[in-house]
Amino acid sequence: MDQLDLARSYKLLSSSIVPRPIAWVVSQDANGVANAAPYSLFNFFGGHPPVVCIGMGRPNGRDKDSLSNIRTTQEFVINMVTASLAQAMNTTSVAFPSGVNELDKAELETVTCSKISGRRIKLSPLALECRLQQIIDVKPSSVIVMATVQAIHIDDEYVKDAQRCYVDSARFDVIGRMESPGWYAKTVDRFVMPQPTLEEWESLRHDQPGLE
């Protein structure tokens, strides 16, 4: 990897580690001007406290609007990207000038958040209200934004058992990021493979000698 430049090392990793969940980040600046942008270097890294991390690039050593807003307000929202919202998400990825509200360009309606001062995308079936915990500088080209989730919004139709926090994730029809340029995947082709106990695994090996 030390023989590769930034562009080639990023291309190699982003084309190999797939599919990647998409954090559709909605943030706002000090004046309340909203910004929306998708980030596919994203996942959750803890359940209690609930921690999420997003990798954000700093082209030419400068913050993009999302990162600048997060530094300023310490808050943002992660919205889920479903297949029906793919085109709107893609619109918000356009390199509009700073200060342009991508939500308006994509004709996306928003609603107020419950724990932070920002807004979330109304049509997204799941949204995470986040508060910044820390920004880790990954010199020279990017940062990792670590945040704690303050509230989770899930449309009722996707909740199987609210008391036990069971969600019917298959119904989300979420999309994931694949390789460039512009490839995505749907999560509709699934299969079940329960994790075996040690006893079940040992029994399986005994029943199938070829596994020894």
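Here are a few questions and answers about strands and cysteines in this predicted model.

User: Which strand forms a hairpin with β9, and how many residues lie between them?
Analyst: Happy to start there! Strand β9 covers residues 126-138, and 12 antiparallel bridges join β9 to strand β10, residues 142-154. Within this pairing, I136 stands opposite I144 in β10. The hairpin partner of β9 is therefore β10, and the residues between them number 3.

User: Which residue in β9 stands opposite F76?
Analyst: Strand β6, residues 75-79, pairs with β9 in the antiparallel sense over 5 bridges. In β9, the residue opposite F76 is C130.

User: Is C130 buried or exposed?
Analyst: Buried means under 20% relative accessible area. C130 has 0% relative accessibility, so this cysteine counts as buried.

User: How many disulfides does the structure hold?
Analyst: A disulfide needs two cysteine sulfur atoms within 2.5 Å. The closest cysteine sulfur to that of C53 is in C130, 10 Å away, which is too far for a bond. For C130, the closest cysteine sulfur is in C113, and at 9.4 Å that is also too far. The number of disulfides in the structure is 0.

User: Which strands stand at the edges of the open sheet with the order β1-β13-β14?
Analyst: This sheet has 3 strands with antiparallel pairing. β1 is joined to β13 (residues 175-177) by 2 bridges, and R20 stands opposite R177 in β13. Each edge strand has a single partner, so one side of each is left without a neighbour in the sheet; these strands are β1 (20-21) and β14 (184-186).

Key. Residues numbered from 1 in each chain as written. Predicted model: local features only at pLDDT ≥ 70, side-chain atom pairs only at ≥ 80, totals over all residues. Heavy atoms only, no water. Pairing = 2+ DSSP bridges. Helix = DSSP H or I, 4+ residues; strand = E, 2+ residues; numbered from the N terminus. Buried < 20%, exposed > 50% of the residue type's maximum accessible area, 1.4 Å probe, protein only.
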